[in-house]
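Here are a few exercises to work through with the viewer open. Try each task yourself before reading the solution under it.

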Amino acid sequence: MVEIVTAGHVNWDVTLRVDALPMPDGEARIDSQCRSGGGSAANVAVALAGMEFDAGLVGSVGTDETGEFVRRELRAAGVDCSHLLGVEDRETTTKYLIVDDDGEVMVLGNEGANEAVGPDDVDLQFVAGADHLHLTSQRPDTAATLARTATDAGVSVSFDPGRRLAERDFGEALAYSDVVFLNDREARALLDSDLEHPSSELHGRVVVIKHGEDGAQVDTPSASFDHPGFDAEVVDTTGAGDAFAAGFLAVLLRDGGVLASDADYERALEFANACGALAAMEEGARTAPSFEAVEAFLDGQF
């Protein structure tokens, strides 16, 4: 059994670096391009494996050549792919990431195979045997089944629902989650405009709100902490939020679990911001740093 199961999107990324994001009817010059694995669930699994956790992945890819590329890359990173579903009648989901000189990203993508996993496809024992389940964007019914299975087995749950949050009913999965990750826009879909008053779906949960270059905050049932983030020479923000989530979870899980003290959450927030900053300083979605790299970065800040 693995220590951490991540579940959700598994993609193939085509990253195009341009001189500027084009306006409607405009044109941009492509300076470089690269291809590699992506998708939030896969990115977090790779990041945690790089931090020496046994990570397994629940998701889906096509049985095409691109899907095989994805599997090889994940296995090479040390991720358990035994529950990565291969779908014969769909192509592997491909995302086209257009990145400008400031590291800002525009995303284009096809639906592909990345939401082919339904509730009946989930191996409940694989989830129940882990120490932690991390959910990312996926079918709401599948997310609910995974979260309920984990909770019933005493496995802690975190959820980073992603940019489609406002379009989907993740209420049940959120109700089972111990830690919820949101960015400012996603937070406004669930919280009052001042980002302080939780909806009923988030009541009593640890809520981590990512502010991009302005850092992040964590709100627990008893306290709230802010961290301003770190100055970074941004190259590409793709995957920085996934690196942040992986770093936050890694600190807590290394110290015994996500149900932690407020001091542990505050320390995890600082570490996560460092992970996000270091990831944004490199090109691509799979740039989460090792524990040693983050600790060296933090030592250099103080």
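## Exercise 1: a β-α-β unit and its surroundings

β9, helix α5 (residues 171-176) and β10 form a β-α-β unit, and this unit is right-handed. Keep in mind that you're looking at a predicted model.

Task: work out how β10 pairs with β9 and with β11, and say why β10 is largely enclosed.

Solution.
- Step 1. Start on the β9 side: strand β9 (residues 156-160) runs parallel to β10, and 2 bridges join them. For a handle on the register, take Ser158, whose bridge partner in β10 is Val179.
- Step 2. Now go to strand β11 (residues 206-210), which is joined to β10 by 5 bridges, again in a parallel arrangement. Here Leu182 sits opposite Ile209 of β11.
- Step 3. Finally, check burial, with under 20% relative accessible area as the cut-off. Strand β10 (residues 179-183) has 4 of its 5 residues buried, so the rest of the structure largely encloses it.

## Exercise 2: the sheet of 9 strands

Task: write down the strand order of the open sheet with 9 strands, then find which helices pack on it.

Solution.
- Step 1. Tracing across gives β5-β4-β1-β8-β9-β10-β11-β12-β13, with mixed pairing.
- Step 2. The ends are β5 (84-87) and β13 (224-227), edge strands that each pair on one side only. From one strand to the next, the twist averages 15°.
- Step 3. Look at the β5 end: strand β4 (residues 55-62) pairs with β5 in the parallel sense over 4 bridges. Val61 has Gly86 of β5 as its bridge partner.
- Step 4. Add the helices. Helix α1 (residues 40-50) packs on the sheet and touches β1 (4-7), β4 and β8 (132-136), with its direction at about 160° to that of β1. α8 packs on the sheet too, touching β11, β12 (216-219) and β13, and its direction makes about 20° with that of β13.

## Exercise 3: the sheet of 4 strands

Task: which strands are the edges of the open sheet of 4 strands, and which helix lies across β2 and β3?

Solution.
- Step 1. The order is β3-β2-β6-β7, and the pairing is mixed. That puts β3 (30-38) and β7 (105-109) at the edges, each pairing on one side only. Neighbouring strands are turned by 20° against each other on average, direction ignored.
- Step 2. Zoom in on strand β6 (residues 94-99): it runs antiparallel to β7, with 5 bridges between the two. Ile98 has Met106 in β7 as its bridge partner.
- Step 3. The helix is α2 (residues 65-76), which lies across β2 (11-18) and β3 and runs at about 95° to β2.

## Exercise 4: a helix pair

Task: describe how α7 and α8 pack, and sort the residues of their contact by type.

Solution.
- Step 1. Helix α7 (residues 240-254) and helix α8 (residues 262-280) meet at about 145°, their axes 7 Å apart. The crossing is right-handed.
- Step 2. List who touches: α7 contributes residues including Phe244, Phe248 and Leu252, while those from α8 include Tyr265, Leu269 and Phe271.
- Step 3. Sorting the contact residues gives 14 nonpolar, 3 polar and 2 charged.

## Exercise 5: one threonine

Task: is Thr142 buried or exposed, and what does it touch?

Solution.
- Step 1. Thr142 belongs to helix α4 (residues 140-152).
- Step 2. The relative accessible area of Thr142 is 1%, so this residue is buried.
- Step 3. Leaving aside neighbours within four places in sequence, Thr142 contacts Val117, Gly118, Pro119 and Val122.

Notes:
Residues numbered from 1 in each chain as written. Predicted model: local features only at pLDDT ≥ 70, side-chain atom pairs only at ≥ 80, totals over all residues. Heavy atoms only, no water. Pairing = 2+ DSSP bridges. Axes fitted to C-alpha atoms, helices over the stretch in contact; angles between N-to-C directions. Contact = heavy atoms within 4.5 Å. Left-handed = near helix turned anticlockwise from the far one by under 90°. Nonpolar A, V, L, I, M, F, W, Y, C, P; charged D, E, K, R; others polar. Buried < 20%, exposed > 50% of the residue type's maximum accessible area, 1.4 Å probe, protein only. Right-handed = clockwise from strand over helix to strand, strands pointing away.
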